[in-house]
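Student: I am new to this structure and would like a close look at a single part of it. Could you take me through one helix and its surroundings with care?

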Amino acid sequence: MLYNPDFNCTEFGTIKNAAGSNNFVLSTKAWIERTNAKGIIAKAGRYGGTYAHRDIAYHFGMWLSPKFQLLLVKEYQRLKAEEQRLIGWSAKRELSKINYRIHTDAIKHNLIPAEVTKAQASIIYANEADVLNVAMFGMTAKQWRDANPDLKGNIRDYASVNELICLSNMESLNAVFIEQGLPQSERLIKLNQIAIHQMSVLESGDNDRKLLK
């Protein structure tokens, strides 16, 4: 609670009138005692000091320093922008997961033979996932893990929003290519070309991406 609903207006009026005097001094402790203020504490002694709820501290800080006020406003704007960026990233990550179901369904019905074990099927799924990883990121999931042993998750958890958009499109396209019976090597080249084109559109040019030979 940052205010006192039982605030004594008469007492405040007395303080306000006294403030007009040249010798008027009102300590934080006296203010708390006279107004029964909440959210702020003043302690005397060697380890004393004034402690306040952070909302009150921010308010006093902004009142004392215009520079601090500007810093606080800028930081708030930065955090809101970051929040919106993360919301957008999460939405694109979920879209990528949904399209991945379409991708795995195409693999299930076109690439996995009827008589295979679950372990063998998982190898086929992982292999096709790496087709997308290589086309998009230039490396397999294992290569990424070996290069980033301290990071949790997988390569797609660290993708940008634009990369997730492109990856989502590629999952749908690869599902179509699989159903058309295109061999993996041909699909990889096509997907890599699509990734380069789409990323150049999304990011207005990216010279770091190379066509697979």
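**Helix H8 and its surroundings**

Tutor: H5 passes H8 in a right-handed crossing, a term that applies when the near helix is turned clockwise from the far one by less than a right angle. The contact (heavy atoms within 4.5 Å) is made by residues including Val131, Leu132 and Ala135 of H5 and Leu188, Leu191 and Ala195 of H8. This is a predicted model, in which local features need pLDDT of at least 70 and side-chain atom pairs count only at pLDDT 80 or more, while totals for chains, interfaces and linings use all residues. Residues are numbered from 1 along each chain as its sequence is written, and side-chain values use heavy atoms, with hydrogens and water left out.

Helices here are DSSP runs (H or I, at least four residues), numbered from the N terminus. H8 has 19 residues and reaches 26 Å from its first C-alpha to its last, close to the 27 Å expected at 1.5 Å times one less than its number of residues. Among its buried residues (under 20% relative accessible area, with a 1.4 Å probe and protein chains only) are Arg187, Asn192, Ile194 and Gln198, and what covers the buried residues of H8 includes H5 and H7.

In the largest nonpolar core (buried Ala, Val, Leu, Ile, Met, Phe, Trp, Tyr and Cys residues joined through side-chain atoms within 4.5 Å), which has 18 residues, Met136, Phe137, Cys166, Met170 and Leu191 touch the most other members. H5 (118-137), H7 (161-179) and H8 (184-202) each supply at least two residues of this core. Leaving aside its neighbours within four places in sequence, Cys166 is in contact with Met136, Ala195, Gln198 and Met199.

Definitions and conventions
Buried means under 20% relative accessible area, exposed over 50%, partly exposed in between (1.4 Å probe, protein chains only).
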